[in-house]
Amino acid sequence: MVEFFTGLQPLETGETDPDRLLARVRELDRSEVVDRVLVGYSSTWPHNHATAPFALAASEKFAPIVAHRPGVMPPVAAARYFATLDVLARGRLAINVVVGGSDKDLRRESDALPKSERYRRATEYLDVVRRTWTSTEPFDHHGEYYTAEAVKILTKPVQGQVPIFMGGESDDAVEFGARHADLYMLWGEPFAGTKERIDRVREAAARHDRDMRFSLSLRLFLGDTDDDAWALARSVERQIAEASGKFLRSSSADTSVGRQRALALTEEELHDDCFWTGLTKLLGGFANSQALVGTEERILNTLGTYRDLGIGAFLVTTGAEASWDPALEDFLARAKKELA
């Protein structure tokens, strides 16, 4: 069955009352179609190590994908934290490992490791994390980046190992994901590029005798007619253009291959049938800005094509904020049924 993920907006700038965050969490908890919720990470955002447990305590079904950067805490501490959180989440936790594309954002948290080394460190990091989760005896680790002695945790993840989600377009990212990812998260691309990326990652995973699942991130703009859908999309485009600096954009310091690939798509605004890059161009290659625009039938057909290519989950948002909107509920319920 196709799964649907979405994103949770953190506390807004200057927001000191958590009631609005609670309202967003409870709205998501009422959804019958949202399977998981990405709780993102940035060095300037409210810390998701606080917001994710808070959301779990206020919900019954909420299943967070907690974004995490290797390097912000030692691997054994991370293994212990996420094992504990998986117990508190009753086995509903997943981790989005984000190695990081922006040097500026990483240096803000005292991480000055060159990008060329981050995936090598991340591989060692997750080797230690997974061993910490699964080892039945204390162990020592002496690696290139980390040293730990007599490693042992008393609380193990409910799931045995917490699922690891990650994405990335560079050769290092693909190799890292092939070794450690349970689900590879792709940015929205036209059909041909999506197939190319799926084939590339599957080939790398096969070298490690691993299968791979895939998700695709898209903003949806639906209307009763195509004109209605485009009116909504253009309205959001104007809203972002007129609100200088308010909406999340990719930094020019982000040198990731994925960002460059996304920006290359903006040479044409419309691809395939209804894949739109207008917001991608406006937001400088921001990861969650690629969109589908059209009627339910048009977008459902497009999602079906992606599913046939190998996409098993879609991270869907809408609007200027790239957030969840309950107005998507009925369409996604239909999509789950028809794309099963």
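**View A. Strand 1 pairs with strand 2 in this predicted model.** Strand 1 covers residues 3-7 and is joined to strand 2 by three bridges. The two strands run parallel. One bridge can be located by its residues: Gly7 has Leu38 of strand 2 as its partner.

**View B. Helix 1 links the paired strands in a β-α-β unit.** Helix 1 spans residues 19-30. Together with strand 1 and strand 2, helix 1 makes a unit that is right-handed.

**View C. Strand 2 sends side chains in two directions.** Strand 2 comprises residues 36-39. Arg36 and Leu38 point one way. Val37 and Val39 point the other way. Side chains in a regular strand alternate between the two faces of the sheet. All four residues of strand 2 shown here are buried, Arg36 included.

**View D. Strand 2 also pairs with strand 3.** Strand 3 runs from residue 64 to 68 and lies parallel to strand 2. Three bridges join them. Here Val39 stands opposite Val66 of strand 3. Between these two strands the chain passes through helix 2, residues 48-57. This β-α-β crossover, too, is right-handed.

**View E. Thr51 sits in helix 2 and touches Val39.** The relative accessible area of Thr51 is 9%. That value is under the 20% cut-off, so Thr51 counts as buried. Which residues does Thr51 touch, leaving aside those up to four places away in sequence? They are Leu21, Val39 and Pro46. Leu21 falls within helix 1, residues 19-30. Val39 belongs to strand 2 and is itself buried.

Definitions and conventions:
Residues numbered from 1 in each chain as written. Predicted model: local features only at pLDDT ≥ 70, side-chain atom pairs only at ≥ 80, totals over all residues. Heavy atoms only, no water. Buried < 20%, exposed > 50% of the residue type's maximum accessible area, 1.4 Å probe, protein only. Pairing = 2+ DSSP bridges. Right-handed = clockwise from strand over helix to strand, strands pointing away. Contact = heavy atoms within 4.5 Å.
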